[in-house]
Amino acid sequence: MDRLDKFLVNAKIGSRSEVKKLIKKGLIKVNGNIIKKVDYKVSDNDIIEYNNQKIEGHKLVYIIINKPIGYLSSTYDSRDKYVLQLIDHKFKDELSIAGRLDKDAHGLLFLTNDGELIHRIISPNKNIYKTYEVMVEGDITKDKIKRLEEGIDLKDFITKPAIVEKVENNIITIKISEGKYHQIKRMMKAVGLTVKDLKRIAIGNILLGDLKEGEWLEIEKPNIFNNDSPI
Ligand code: URA
C-alpha cells in the first residue's frame, strides 16, 4: 500500500508538489473514480490514470546495452561521453552499472535499479563468468592458453581459472569470473600478447546477442545464478 502522491512521484509523473496539484485538480483516477485525497491508499492491483491514461507504477528494470568504444561505463561525467546518454528510459536516473568496461573496450554492459541484484553480480564469491572476445597481437600458442586458463600471477593477485578458446588466428574468447581493473589486458600482457580490441559478449547467461553498438534493450529479470559451471 502506497499513498497516491507517492505512487505518482515514484512513477515519475512529477515532483511531490506537482503531483499533489494534479490530484487536487481532479486529474487522477483510481479504478475509474476521481480521487482528490493526496494520501489515498493505493495497492498494486489498483488502476491509476492520469488524463485517462493508465500509469505504470515504479518497477525494477533490467537493461543491456552494447557500449561503443569511447564511452565511459558511468552514469554521469562532466567531460566525457557516458553510456547513460544513450539510454532513454523512464527510470534511467535510478540505474547502476554492474561491472564496468574500459573506455577503449566495447560490448555488453548490464544496468539495473535492482540494488540487490547488482550486489549479487559484483560480489566476488559469486563466480559469475564474463566472456570477452579479444583480438591480440602476438602468437596465440597452446602454452599461453594453458597459462591463461590455469591462473596468472599478476603480483597483486593470482587470477582464478579461466576458460580460453582460440577462435581465429589473432582472436580468442576468454571467460573469467573476476573483474579486476584492466584484468584482461593485464593477463594478456603477462603472456606476451597485446590487446588490440576488447569486447564483452556475455555476463553469466546474459548475452550481447546481435545488439548493435550504442543500442540498448530492456530485458526480463535475468536469472544468472543458476550456473555453477562457466557457460
Ligand atoms: N578487462 C580489461 O582489461 N578491460 C575491460 O574493460 C574489461 C576487462
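## Strands and how they pair

Two strands count as paired if DSSP finds at least two bridges between them. Keep that in mind, since much of this tour is about who pairs with whom. One caution before we start: what you're looking at is a predicted model.

Let's try the rule out. Strand β8, residues 96-97, pairs with β9 over 2 bridges, in the antiparallel sense. Within this pairing, Ile97 has Leu111 of β9 as its bridge partner.

## Strand β9 and its partners

Strand β9 covers residues 106-112. Is β9 largely enclosed, or out in the open, and why? Buried means under 20% relative accessible area. For β9, 7 of the 7 residues are buried, so the strand is largely enclosed by the rest of the structure.

β8 has company as a partner of β9. Strand β7 (residues 62-67) is joined to β9 by 6 bridges, and these two run antiparallel. Find Ile64 in β7 and look across: Phe110 of β9 stands opposite. Then there's strand β13 (residues 194-203), which runs parallel to β9 and is joined to it by 2 bridges. Here Gly107 stands opposite Arg200 of β13. If you're wondering what does the joining, strands of a sheet pair through backbone hydrogen bonds, either parallel or antiparallel.

## The ligand's pocket

Now for the ligand. The space it takes up is the largest pocket. Which residues are around the ligand? They are Leu101, Asp102, Ala105, Tyr132, His182, Gln183, Ile184, Lys185 and Leu198. Helix α5 (residues 183-190) supplies the largest share of this shell, with 3 residues.

Several backbone atoms come up to the ligand. A backbone N or O atom of Asp102 lies 2.7 Å from one of the ligand's oxygen atoms. A polar backbone atom of His182 is 3.3 Å from an oxygen atom of the ligand. For Ile184, a polar backbone atom is 3.1 Å from a nitrogen atom of the ligand. How much of the ligand does the protein bury? Taken alone, the ligand exposes 230 Å², and the protein buries 95% of that.

## An open sheet

Elsewhere, 4 strands make an open sheet in the order β3-β2-β5-β6, with antiparallel pairing. Which strands sit at the edges? They are β3 (33-34) and β6 (53-54), each of which pairs on one side only. Take β6 as an example: 2 bridges join β6 to strand β5 (residues 48-50), running antiparallel. Across this pairing, Glu49 stands opposite Lys54 of β6.

As you look along any strand, here's a handy rule: in a regular strand the side chains alternate between the two faces of the sheet.

## A hairpin

For another antiparallel pair, look at strands β11 (residues 163-168) and β12 (residues 171-176), which are joined by 5 bridges. How many residues does the hairpin use to get from β11 to β12? Just 2 residues link them. Glu165 of β11 stands opposite Thr173 of β12.

## One loop residue

Last stop: Ile35, found in the loop between β3 and β4 (41-42). Is Ile35 buried or exposed? Its relative accessible area is 11%, and the cut-off for buried is under 20%, so Ile35 counts as buried. For a sense of distance, try Ile35 and Glu56: they are 21 residues apart along the chain, and their C-alpha atoms are separated by 17 Å.

Methods
Residues are numbered from 1 along each chain as its sequence is written. This is a predicted model: local features need pLDDT of at least 70, side-chain atom pairs count only at pLDDT 80 or more; totals for chains, interfaces and linings use all residues. Side-chain values use heavy atoms; hydrogens and water are left out. Buried means under 20% relative accessible area, exposed over 50%, partly exposed in between (1.4 Å probe, protein chains only). A residue is near a molecule or strand if one of its heavy atoms lies within 4 Å of it. A polar contact is a pair of N or O atoms within 3.5 Å; within protein, one must be able to donate a hydrogen and the other to accept it, and residues adjacent in sequence count only if both atoms are side-chain atoms. Accessible areas come from the Shrake-Rupley method with a 1.4 Å probe; for residues, only the protein chains shown count as cover. On a 1 Å grid over the protein atoms alone, a cavity is a set of points where a 1.4 Å probe fits but cannot get out, and a pocket is an open set with protein on both sides within 12 Å along at least five of seven lines; lining residues have an atom within 4 Å of a point. A molecule sits in a cavity or pocket if more than half of its atoms lie within 2 Å of its grid points.
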